[in-house]
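Biologist: Could you take a close look at one part of this model, the charged side chains and the elements that carry them, and set it within the chain as a whole? Which residues are linked in a network of salt bridges?

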Amino acid sequence: MKPVTKTPPGDSTSAADEGEGEGVGEDVAACAGEGTVADAGHWTPALSRSVMLRYDRVRGTDLLLMPERVVVLRGGAGAVLRLCDGRREVAAIVAELAERFPEASGASVAAEVPEFLGRMRQEGWIR
């Protein structure tokens, strides 16, 4: 679930790691970095107004589309972000993912999803 950022030529922003992952938990952890969400229990994440989540049939992966920028999502990142509708709290998102992906450890999903969402919030991709 590692996003790969495609930026216009000349932009100094570096692309994220392009590694592949299998499970939701592994992918979230790899992308989470140091960011955490202090108010995770009461936060209802939603995509930022300038961000659209789309599935690209050619690449076979989810994309975040923004003005002059595309983020290629790996692993379960799209599944996590699809649940960010502004109505579900982080705890409800974690519960839904644990139900959808029983092969992922519930404890790792509970720890890693809030970190992943915190990182996405820091990037400005969700609010």
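Modeller: A salt bridge here is a side-chain nitrogen of Lys or Arg within 4 Å of a carboxyl oxygen of Asp or Glu. By that criterion Asp85, Arg87 and Arg88 are linked in a network of salt bridges, in a model that, it should be said at once, is predicted. The structure holds 6 salt bridges, and one of these is the pairing of Arg88 with Asp85, whose closest N and O atoms lie 3.0 Å apart. Arg88 has a relative accessible area of 28% and is therefore partly exposed, and Asp85, at 26% relative accessibility, likewise counts as partly exposed. As a general matter, side chains of opposite charge can pair when their charged atoms come close.

Another of the salt bridges sits within a helix: the side chains of Glu96 and Arg100 meet with an N to O distance of 2.9 Å. The two residues belong to helix α3, which covers residues 90–100, and they are placed 4 residues apart, about one turn of the helix. Glu96 is partly exposed at 26% relative accessibility, and Arg100 is partly exposed at 44%.

The salt bridge between Asp56 and Arg59, with 2.8 Å from N to O, involves a strand residue, since Asp56 lies in β2, residues 52–56. Asp56 has a relative accessible area of 14%, and because buried means under 20%, this residue counts as buried. The side chains of Asp56 and Arg59 also register as a polar contact at 2.8 Å. When residues up to four places away in sequence are set aside, Asp56 touches Thr61 and Leu63.

A further buried acid is Asp62, in strand β3, residues 61–66. Its relative accessible area is 12%, so it falls in the buried class, and its side chain makes a polar contact of 2.7 Å with the side chain of Arg82. Once neighbours within four places in sequence are left out, the residues in contact with Asp62 are Leu53, Arg54, Tyr55, Val71, Val72, Leu73, Gly78 and Arg82. Arg82 thus appears among the contacts of Asp62 as well as being its polar partner.

Strand β3 also leads into the neighbouring hairpin. β3 and β4 run antiparallel and are joined by 4 bridges, with Leu64 standing opposite Val71 in β4. The hairpin that they form has 2 residues between its strands, and in this turn Glu68 has a positive phi of about 60 degrees. That is worth noting, because most residues other than glycine have a negative phi. Glu68 is not a glycine, and its place is in the loop between β3 and β4, the latter spanning residues 69–72. With a relative accessible area of 69%, Glu68 is exposed, whereas Asp62 is buried.

Beyond these charged groups, helix α4, residues 106–123, offers a check on geometry: at 1.5 Å a residue its 18 residues should span 26 Å, and the end C-alpha atoms are indeed 26 Å apart, so the two values agree. The buried positions of α4 are Ser108, Val109, Glu112, Val113, Pro114, Phe116, Leu117, Gly118 and Met120; Glu112, an acidic residue, is thus among the buried positions of the helix. Just after α4, Gly124 takes a positive phi of about 90 degrees.

To place all this in the whole chain, there are 4 helices and 4 strands, and read along the sequence they follow the pattern β-α-β-β-β-α-α-α. Of the 127 residues, 45% are buried. The chain exposes about 6900 Å², and carbon and sulfur atoms supply 47% of that area. Among contacts between residues at least 6 apart in sequence, 64% join residues at least 24 apart.

In short, the close look you asked for gives a network of Asp85, Arg87 and Arg88, an intrahelical pair of Glu96 and Arg100 in α3, and a pair of Asp56 and Arg59 in which Asp56 is buried.

Definitions and conventions. Residues are numbered from 1 along each chain as its sequence is written. This is a predicted model: local features need pLDDT of at least 70, side-chain atom pairs count only at pLDDT 80 or more; totals for chains, interfaces and linings use all residues. Side-chain values use heavy atoms; hydrogens and water are left out. Buried means under 20% relative accessible area, exposed over 50%, partly exposed in between (1.4 Å probe, protein chains only). A polar contact is a pair of N or O atoms within 3.5 Å; within protein, one must be able to donate a hydrogen and the other to accept it, and residues adjacent in sequence count only if both atoms are side-chain atoms. Contact means heavy atoms within 4.5 Å. The expected span of a helix is 1.5 Å times one less than its number of residues. Accessible areas come from the Shrake-Rupley method with a 1.4 Å probe; for residues, only the protein chains shown count as cover. Two strands pair if DSSP finds at least two bridges between them.
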